[in-house]
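Here is an informal walk through one protein model, written for someone meeting it for the first time. Keep the sequence and the 3D view open while you read.

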Amino acid sequence: MASRVVFTGGRVFDGSGSPAVPADVVVRGDRIESVGPRAELAPDDRVVDCRGATVLPGLVESHCHLTFPSAVGHLDPSFNPPVDVSFFHHLPSPDEHLALAERNARILLDHGFTSAYSAGSLTPVPTEVRLRDRIAAGLAAGPRMRAASFERDNNPVKLGPAAAQTGPAAVRAFVREQAELGFDSVKLLMSNDDVFFEGGSMVTQYSAEEADAAGEQARESGVWLNCHAQSPESIKLAVRAGFRSIYHCSYADEEAIDLLTEHKDSIFLSPAVGIMWANVHEGAEFGIDAEKTGSVKSLEAMERLYPELRKRGLRVLPGGDYGFPNNPIGRNARDLELFVRLFGYSPAEALRATTFHGGQVMDLPVGLLTEGYFADVLVVRGDPTSDVALLQDPANLEVIMQGGRFHKAAA
């Protein structure tokens, strides 16, 4: 039998929401073998001393954009809407874009995120499909992925009601084509955004017939549906059509909140508070006018909405639209602190959201330290169940294990 890795002497937060307790975590191969009182050691066990540290599941990023160009140490101001989108005038080749995404994936893994659910590709090229498959094959280091298509716009302001791109048939065709390209999920911009024009967030871009067509085709093609939705009507259309992950939701009205609550067992929400915080508090040096782009208003709306959704038991996941120059990939763990500071989560609740609920959105055996799950394990210096901000410093991550393999090992 394969030798084991035994994490011993630390406190274990298993992801379920139970308090961290002294325990040992035993890994055999790529799976968790056991979690419990002090393990009986065998002569060939590899022992990891976790005294003074907390052992917890690998983190899950629920609103991931690995094809966006900015990461810590690699800021690219040419993709900074609405200030600058010249990135699209000098697009990298498919191989160059894959290399950029692989760099970002490694950085995200370096920061403790062992799984990632994509919130959309930057271009129509299936770079994320290639990236997902290369990571799964061990050819690139990064979080295990669920790949998402680029964002389908349906802007009636831009296209007009008679444009060929609109209508249920066109939406069906898009979902079917993206499924055939190998994406796990398909993303639609159900609403527009204030970044693009004043009042854009309240413009609903799809009809009920189009949304229903997307839902029907997604089920036929075996893919999930994700969407950007801010206006109340866009949120309601997404829920009724069977969308799985809904992003932002900033302006949900009471009817939308009730509908979300009614469907809370099939819906995941990722508010992307990270980008709004970055725009409001760190955007000026990058030329972002947080008032003009609607970020101030959106952040205030989130601070009212998400404490209520927390009370109602909605699955709200950290994941903050990272990949912009003022909000680069690698800063992702800050979302957990924002959940605590702005939404009223305890540190343990925020951790549960990014582990247990993260595993649910991935639909994979990740996010828990329990027998049979993938051995995605972090050893964190100190106690993040008391101070979740510890996770923002990669120096505090003493061990990063993914699928039983050490990405980072203790000295």
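## Buried or not: a word to start with

A residue is called buried when its relative accessible area is under 20%, exposed when that area is over 50%, and partly exposed in between. One thing to keep in mind throughout is that this is a predicted model.

Lys236 makes a good test case: it counts as buried because its relative accessibility is 6%. Its salt-bridge partner is Asp253, and the closest N and O atoms of the two are 3.1 Å apart. Lys236 belongs to helix α6 (residues 232-241), while Asp253 is in the loop between β14 (245-248) and α7 (254-262), so the pair ties together parts that are 17 residues apart in sequence. Is Asp253 buried or partly exposed? With 29% relative accessibility, Asp253 counts as partly exposed.

## The six-stranded sheet

Now look for an open sheet of six strands, with mixed pairing and the order β3-β2-β7-β16-β17-β18. Its edge strands are β3 (21-22) and β18, each of which pairs on one side only.

Start at the β3 edge. Here strand β2 (residues 11-12) runs antiparallel to β3, and two bridges join them. Arg11 has Pro22 in β3 as its bridge partner.

Then go over to the other edge. Strand β17 (residues 397-402) pairs with strand β18 (residues 405-408) through three bridges, again in the antiparallel sense. You'll find Met401 opposite Phe406 in β18. How many residues sit between the strands in the hairpin of β17 and β18? There are two, and Gly403 in this hairpin takes a positive phi near 55°.

## More salt bridges

Salt bridges turn up 26 times in the structure. One of them brings us back to the sheet: Arg381 pairs with Glu398, with 3.1 Å between the closest N and O atoms. This pair links distant parts of the chain, as Arg381 is in strand β16 (residues 377-381) and Glu398 in strand β17, 17 residues apart. Both ends are partly exposed, Arg381 at 39% relative accessibility and Glu398 with a relative accessible area of 21%. Elsewhere, Arg4, Arg28, Glu33 and Asp45 are joined into one network by salt bridges that share partners.

Within that group, you can pick out the side chains of Arg28 and Glu33, which meet in a salt bridge at 2.5 Å, N to O. Arg28 has a relative accessible area of 23% and is partly exposed. Glu33, at 25% relative accessibility, counts as partly exposed too.

## Odd spots in the backbone

Some background first: most residues other than glycine have a negative phi, and most peptide bonds are trans.

Cys249 goes against that habit, with a positive phi near 60°. It's found in the loop between β14 and α7, and it counts as buried because its relative accessible area is 0%. Asp321 also has a positive phi, near 65°. This residue lies in the loop between α9 and α10 (334-343), and its 10% relative accessibility makes it buried as well.

Which peptide bond is cis, with omega near 0°? That's the one from Pro81 to Pro82. Pro82 lies in the loop between β8 (59-64) and α1 (94-110).

## Two patches on the surface

Stay with the loop between β8 and α1, because Leu91 has its place there too. Leu91 forms a nonpolar patch on the surface with Val85 and Phe88, and together they have about 230 Å² of accessible area. Leu91 itself is partly exposed, with a relative accessible area of 44%.

The other patch is one of negative charge. On the surface, Asp289, Glu291, Glu300 and Glu303 gather there. Glu300 sits in helix α9 (residues 295-311). As its relative accessibility is 43%, Glu300 counts as partly exposed.

How values were computed: Residues are numbered from 1 along each chain as its sequence is written. This is a predicted model: local features need pLDDT of at least 70, side-chain atom pairs count only at pLDDT 80 or more; totals for chains, interfaces and linings use all residues. Side-chain values use heavy atoms; hydrogens and water are left out. Patches are made of residues with over 30% relative accessible area and no salt bridge: like charges are joined within 9 Å, nonpolar side chains (Val, Leu, Ile, Met, Phe, Trp, Tyr) within 5 Å. Accessible areas come from the Shrake-Rupley method with a 1.4 Å probe; for residues, only the protein chains shown count as cover. A salt bridge is a side-chain nitrogen of Lys or Arg within 4 Å of a carboxyl oxygen of Asp or Glu. Lys and Arg count as positive and Asp and Glu as negative; His and the chain ends are not counted. The place of a charge is taken as NZ of Lys, CZ of Arg, CG of Asp or CD of Glu. Helices (H or I, at least four residues) and strands (E, at least two) are DSSP runs, numbered from the N terminus. Buried means under 20% relative accessible area, exposed over 50%, partly exposed in between (1.4 Å probe, protein chains only). Two strands pair if DSSP finds at least two bridges between them.
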